[in-house]
Amino acid sequence: MAEEFTDQPERTAEEFVFSDEHAQLRSAVRKFGTDNFGEAKARVQMESEPRFDRKVWQRLGTELGVLGLTVPESDGGFGGTLVDQAIAVEELGAALATGPLFGTVYLAIPALVAASAGAARDELLGALVDGTRTAAFAVPDRAGTFDPAAVTVTGTERLRGTVERVVDADAADEILVAASGPDGVALYAVDASAQGVQRTPLVTLDLTRPQATIKLTDAPARLIAGPDEAERVITHALHVGSALLAAEQVGAARHLLDLSVDYAKSRLQFGRPIGSFQAVKHRLAEGMVDLEHARSATYHAVWALGDGSDDPALAAGIAQALASAAFSRIATDTIQVHGGIGFTWEHQAHLYLKRATTDAALLGSAEAHRNRVAELVLDTAEPKAPRVATGS
């Protein structure tokens, strides 16, 4: 029997377990990813404008229903949980899915769900859920934490200002923008094709995750969340976005580790599979440990965010710290295990490595999240008596 500690709170409920419905969802999204995404499709989309297939994106919303899994049925969604959404995102990450997942699913939809009902909010949320429109989230953050002082856009019904390096903004139909007004910071929706909106595409390391700089010059805007709730809405979106980004990283890392294990079993050197050599075994085993740690932290985060049983900032920060580091390390090790072929343009490993490098910089680096976790747990915590085992 595991030891109990005197300072541990009593557990009132166990964390979730994966159900048969979860397995069916995972299987359906995995099949869709195999049929519509992957290395070959990603290479085509990298050289296309926009850099995703709009018909496939709409099928994700209408046919598969994975864009609005966490949206209540009353808002046109499927009334699922954040765990459901994370399962779908994990499989899309494994398939190297292209499309505005980051801006639309990870950030914009959670923000709209958290905002109070209104004509602009309801109309936009329905369009994002069924995939007929896409969105980008032009809100500055520091390690996944909203900082009102960093907002560079001003105005109310007409917005002015510039937001640098907005993911998915190059082809988004709508842009959610945080703007400072007389009463404080509010969240607005701006039609990307409206007069006064200028988008400058940027050259990015990961061509499957485009970015753009947005310049607003008296651009017309619709209010989504006023100053009384904008900070809460944005903070919620950033927490959910961090957790879902971690789920994507876990899926991609899992795919690469499976790829490396299969290659290590089949690639012969000195008449033996390279997987029989201790150095390769250790590298793969360490990757598996990193992946399992990241996966556990990620699913705890998405469960806790939906259940309200843990500090959202802490749970999301731990998930991001572990998932970013795991994906980056496994992507690097995949190239090492594959040797010379892993360095070539023709191999898929470099596509995942570039995504790992880019993802690790979005919503804060692993180091930044570790610092954030330290602040939450250590720097502000009151001194406690040492943990003492009861021996039971």
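Which residues does V66 touch, once those up to four places away in sequence are not counted? In this predicted model, the list runs to L25, V29, L60, Q85 and A88. V66 itself is found in the loop between α3 and α4. With a relative accessible area of 2%, V66 falls under the 20% cut-off and so counts as buried. Eleven residues along the chain from V66 comes G77, and the two C-alpha atoms are separated by 9.3 Å.

The loop between α3 and α4 also holds D75. Leaving out residues up to four places away in sequence, D75 touches R121, D122 and L125. The pairing with L125 links parts of the chain that are 50 residues apart in sequence, yet the C-alpha atoms of D75 and L125 sit 7.5 Å apart in space.

Two of the contacts of V66, L25 and V29, are among the buried residues of helix α1, a set that also takes in H22, R26, F32, G33 and N36. These buried residues cover an arc of only 135° around the axis, so they end up on the same side of α1. What does the buried side of α1 pack against? The partners are the helices α2 (39-46), α3 (54-62), α4 (82-94), α7 (230-266) and α8 (278-307). The face turned away from that buried side is where the exposed residues D20, Q24, K31 and T34 are carried.

As for the geometry of α1, the helix covers residues 20-36, and its 17 residues should span 24 Å at 1.5 Å a residue. The end C-alpha atoms are 24 Å apart, which means that the model agrees with the expected span. After α1 comes G38, with a positive phi near 105°.

Helix α5 (residues 101-114) makes a useful companion case. Its 14 residues reach 18 Å from the first C-alpha to the last, close to the 20 Å expected at 1.5 Å a residue. There is a bend, though: α5 turns by about 35° at A108, and the proline P110 follows within four residues. How much of α5 is covered? Mostly, it is: 13 of the 14 residues are buried.

The last residue of α5 brings E229 into the picture, a residue of the loop between β10 (222-225) and α7. Neighbours within four places in sequence aside, E229 is in contact with A114, A115, S116 and I224. E229 has a relative accessible area of 10%, and so it is buried.

Further on, helix α7 is the place of H239. Is H239 buried or exposed? A relative accessible area of 14% makes it buried, because the cut-off is 20%. Residues up to four places away in sequence not counted, H239 touches L305, P312, A313 and A316.

Backbone angles turn up a few oddities. F270 has a phi near 55°, a positive value in a residue other than glycine. F270 is placed in the loop between β11 (268-269) and β12 (272-273), and at 73% relative accessibility it counts as exposed. L363 is not a glycine either, and still has a positive phi of about 55°. The setting of L363 is the loop between α10 (349-359) and α11 (366-379). Here the relative accessible area is 5%, so L363 is buried. On the peptide-bond side, E49 and P50 are joined by a cis bond, with omega about -5°.

P50 belongs to the loop between α2 and α3, and it also shows up in the lining of the largest cavity. Rolling a probe the size of a water molecule over the atoms shows where empty space is left. How many cavities of 30 Å³ or more does the structure hold? There are three, and the largest contains about 80 Å³ of space. Besides P50, its lining includes R51 and F52, then G99 and P100, along with T134. D168, D170, A171 and A172 contribute as well, and T208 and P210 complete the list.

Technical notes
Residues numbered from 1 in each chain as written. Predicted model: local features only at pLDDT ≥ 70, side-chain atom pairs only at ≥ 80, totals over all residues. Heavy atoms only, no water. Expected span 1.5 Å × (residues − 1). Bend = angle between axes of the 7 residues up to and from the residue. Buried < 20%, exposed > 50% of the residue type's maximum accessible area, 1.4 Å probe, protein only. Arc of directions from axis to C-beta. Contact = heavy atoms within 4.5 Å. 1 Å grid on protein atoms, 1.4 Å probe; cavity = no way out; pocket = protein on both sides within 12 Å on 5 of 7 lines; lining within 4 Å. Points joined across faces, edges and corners; volume = space filled by probe spheres on them.
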